[in-house]
Amino acid sequence: MLFFTFFIFYLCEAMRDLLYLAPLQSFTDFHFRNSFQAVLGDVDRFYAPYLKMAFDGTIKEGPKFDVLPQNNPLEKVVPQVMACCTADFLVMANYLEDLGYTEVNWNLGCPYPMVAKRDLGSGILNKPDKICSILEEVFRASSLKIGIKMRMGYEDTSDILNLLPALNEFDLTEVIIHARYGKQLYNGSCDHSRFLECIPITNHSLIYNGDINSVADFRYLKQLFPTIHQWMIGRGAIANPFLFEMIQDDSELLPNDFVQVFSDFLNLLLESYLRQTTNHGNILIKMTHYWEYFAANFENGKKMCRIVKKSKSISDYSNFIANLESFI
Ligand SMILES: Cc1cc2nc3c(=O)[nH]c(=O)nc-3n(C[C@H](O)[C@H](O)[C@H](O)COP(=O)(O)O)c2cc1C
């Protein structure tokens, strides 16, 4: 009987969809990821925001610190790099390998013009030859596994139709597609018809990303893409950190104990920042930025956000968390 129960459990685990937290610079840092993991769970992998090179040829300090092993459960975290040449890619890949990581994600999605015009992020998507030659050289020189997170193009969503077949030559772990093009930034809608076209032309494990903000969105996309079993969620999961659990439970209702769990999460997040810095002003600004997302989840969200913005001290903010129930 026990064996049978375990068998059913593992069968269900093997059959369920996998859910990943997207990298969001300034939001999904190790403070957020670890607090999330401690009380909310239900995330199969966390992707860390990208490492990039500074102009002096060293890796930028903030993201470098974010991926340190003492701050991360390495087996659940995939670090990311943004590079447009082999040399830069390898500097960052070697750093990550030395830290103990076994996989790296290549950012081919960043949409900002200042980045894109230097062939970084989504700016390189119309140059499949350049992408392939970087991949060839990095595969030759590094033993890290490589996955890609990409938009569908920079000017429009057509670049991906040339790029995906070219990527089939490489032993990538996965291809994550944010179903927009770079110039859209975060505006407009995702191009679901183009994503459907991508499915038959890749032999890689495909992950859908873009605008999954509710259980209803997830259900819609799942029936639209029945062969996709891996999903990455960013802004929707910051606004509602229970979204992963609700998707796995196929329930549109927040869990009964959500106020307690959310308070625990907020306290852990705050404590984690307090351990890193004594600059309380900066921490309060950070909390305000998070609350601009969290607010969407509450009827009184705008009022809650205003209170957080007006917090003059960490104890003001802690009192607000302690009284969360009274706002709901
Ligand atoms: C503030 C912000 C920061 C982001 N930082 C990164 C990043 O570091 N690396 C990356 O690949 N994507 C980054 N993204 C894109 C997200 O990972 C994700 O692809 C995008 O938000 C679409 O997914 P969503 O609709 O579920 O949020 C960022 C997005 C936002 C809004």
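## Strands β3 and β4

Gln80 stands opposite Asn105 in β4, and this pair belongs to a stretch in which two bridges join strand β3, residues 77-81, to β4, the two strands running parallel. Strand β4 itself, which spans residues 103-108, is mostly covered, since five of its six residues are buried. The model described here is a predicted one, and the assignments in this report should be read with that in mind.

## The barrel

Strands β3 and β4 are part of a closed barrel of eight strands, which runs in the order β1-β2-β3-β4-β5-β6-β7-β8 with parallel pairing. Neighbouring strands of this sheet are turned against each other by 25 degrees on average, with direction ignored.

Several of the other pairings can be followed residue by residue. Strand β1 (residues 18-21) pairs with strand β8 (residues 230-233) in the parallel sense over four bridges, and within that pairing the bridge partner of Tyr20 is Met232 in β8. Strand β1 is also joined to β2, by two bridges and again in parallel, with Leu21 having Phe46 of β2 as its bridge partner. Elsewhere in the barrel, four bridges join strand β6 (residues 175-178) to strand β7 (residues 206-209), which run parallel, and here His178 has Asn209 in β7 as its bridge partner.

## The shell around the ligand

There are 21 residues around the ligand, and those that come nearest are Ala22, Gln25, Pro49, Gly234 and Arg235. The elements that give two or more residues to this shell are strand β2 (45-51) and helix α10 (235-239). By character, the residues of the shell divide into nine nonpolar, nine polar and three charged.

## The nonpolar core

The largest nonpolar core holds 80 residues, of which Val81, Ala93, Val104, Ile177 and Ile233 touch the most other members. The largest share of this core, six residues, comes from helix α12, which covers residues 258-276. Because domain 1 (16-248) and domain 2 (258-327) both give residues to this core, it lies between them.

## Two aspartates with positive phi

Asp119 is a residue other than glycine with a positive phi, near 65 degrees, and it is found in the loop between α5 (113-116) and α6 (128-141). Asp119 has 17 C-beta neighbours inside 10 Å and therefore counts as partly exposed, as a residue is called buried from 20 such neighbours upward and exposed at 12 or fewer.

Asp250 likewise has a positive phi, of about 50 degrees, although it is not a glycine. The loop that contains Asp250 lies between α11 (243-248) and α12. With 10 C-beta neighbours inside 10 Å, Asp250 counts as exposed.

## Phe30 in helix α2

Phe30 has its place in helix α2, which comprises residues 30-39. Because 21 other C-beta atoms lie within 10 Å, Phe30 is buried. The C-alpha atom of Phe30 is separated by 29 Å from that of Asp171, a residue 141 positions apart from Phe30 along the chain.

Key: Residues numbered from 1 in each chain as written. Predicted model: local features only at pLDDT ≥ 70, side-chain atom pairs only at ≥ 80, totals over all residues. Pairing = 2+ DSSP bridges. Axes fitted to C-alpha atoms, helices over the stretch in contact; angles between N-to-C directions. Near = placed C-beta within 6 Å. Nonpolar A, V, L, I, M, F, W, Y, C, P; charged D, E, K, R; others polar. Core = buried A, V, L, I, M, F, W, Y, C linked by C-beta atoms within 7 Å. Domains from an automatic or database assignment.
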